[in-house]
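The exercises that follow are meant to be worked with the sequence and the coordinates side by side. Please attempt each task before reading its solution.

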Amino acid sequence: MAGKYNITAEQGSTFTFNFTVKTNGTAWNLTSYTARMQVRPTIESTSTLLSLTTGSGITLGGAAGTVSITATAAQKADIQAGRHVYDVELVSAGGVVTRIIEGKFVVKAEVTR
């Protein structure tokens with residue numbers, strides 16, 4: 001079952017989110033995994049507001065089990081302020097997909113433009 005974590009990101013600034021994937025206190029070895037993240041207006045929406053993958057915004061930390069997600073201000077420029085949804089999935093070398101985290105993705109409006 002995916003963990004739940006609500007994210008707040010600010011327009012006009014780089015967004016970074018880091019966490020470690022663990023089961024019973026032991027970090028996963030993510031060496032052979034890839035990752036993907038999408039932000040959408042709603043769960044049912046067919047439009048994607050932000051899409052990141054391994055090597056393009058997501059870095060996996062191998063045996064340490066760490067996941068580092070970065071979205072630049074430019075990547076977030078077209079995302080309207082408000083409440084959206086996201087999830088992050090890991091894909092094993094064998095193609096098994098595991099959703100590891102999900103929640104609200106709240107974007108706070110920028111004043112300085």
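**Exercise 1: the surroundings of a core residue**

Task: In this predicted model, determine which residues Met37 touches, not counting residues up to four places away in sequence, and then place Met37 within the largest nonpolar core.

Solution: With the sequence neighbours set aside, Met37 touches Leu50, Ser51, Leu52, Ile58, Ile69, Tyr86, Asp87, Val88 and Phe105. The next step is to turn to the largest nonpolar core, which has 25 residues, and in which Phe19, Met37, Ile69, Tyr86 and Phe105 are those with the most contacts inside it. Several strands each supply at least two residues of this core, among them strand 3 (15–20), strand 6 (34–40), strand 9 (66–71) and strand 10 (82–91). Strand 11 gives the most to the core, namely four residues.

**Exercise 2: aromatic rings**

Task: Find how many aromatic pairs the whole structure holds, and describe the geometry of the pair formed by Phe17 and Phe19.

Solution: The search of the whole structure yields six aromatic pairs. In the pair of Phe17 and Phe19, the centres are 5.1 Å apart and the planes make an angle of 40°, so the pair is classed as tilted, given that planes under 30 degrees apart would count as stacked and over 60 as edge-to-face. As to accessibility, Phe17 is buried with a relative accessible area of 10%, and Phe19 is also counted as buried, at 16%. In a last step, the ring pairs can be followed from one residue to another, and they link Tyr5, Phe15, Phe17, Phe19, Tyr86 and Phe105 into a cluster.

**Exercise 3: a buried lysine**

Task: Establish which side chain of opposite charge is nearest to Lys76, and what its side chain reaches at 2.7 Å.

Solution: Begin with the location, since Lys76 belongs to helix 1, which covers residues 73–76. Lys76 is buried and has no salt bridge, and the nearest side chain of opposite charge, that of Glu10, is 7.2 Å away. A salt bridge requires the nitrogen and the carboxyl oxygen to be within 4 Å, so the distance of 7.2 Å between Lys76 and Glu10 does not qualify. The side chain of Lys76 does, however, reach the backbone oxygen of Glu10 at 2.7 Å. Apart from neighbours within four places in sequence, the contacts of Lys76 are Ala9, Glu10, Ser13, Thr14, Phe15 and Ala71.

**Exercise 4: salt bridges**

Task: Count the salt bridges, and work out which residues are linked in a network of them.

Solution: The count comes to three salt bridges. One of them joins Glu102 to Lys4, with the closest N and O atoms 2.7 Å apart; this pair links distant parts of the chain, as Glu102 is in strand 11 and Lys4 in strand 1 (residues 3–4), 98 residues apart. Glu102 is buried at a relative accessible area of 15%, whereas Lys4 is exposed at 69%. Glu102 also meets Arg99 in a salt bridge of 2.4 Å, N to O, and Arg99 is partly exposed, with a relative accessible area of 42%. Lys4, Arg99 and Glu102 are thus linked in a network of salt bridges.

A further salt bridge is formed by Arg36 and Glu89, whose closest N and O atoms are 2.7 Å apart. Because Arg36 lies in strand 6 and Glu89 in strand 10, this pair ties together parts that are 53 residues apart in sequence. Here Arg36 is partly exposed at 37% relative accessibility, while Glu89 is buried at 19%.

Technical notes
Residues numbered from 1 in each chain as written. Predicted model: local features only at pLDDT ≥ 70, side-chain atom pairs only at ≥ 80, totals over all residues. Heavy atoms only, no water. Core = buried A, V, L, I, M, F, W, Y, C linked by side-chain atoms within 4.5 Å. Buried < 20%, exposed > 50% of the residue type's maximum accessible area, 1.4 Å probe, protein only. Contact = heavy atoms within 4.5 Å. Phe/Tyr/Trp six-rings, centres within 6.5 Å; stacked < 30°, edge-to-face > 60°. Lys, Arg positive; Asp, Glu negative; His and termini not counted. Polar contact = N/O pair within 3.5 Å; in protein donor to acceptor, adjacent residues only side chain to side chain.
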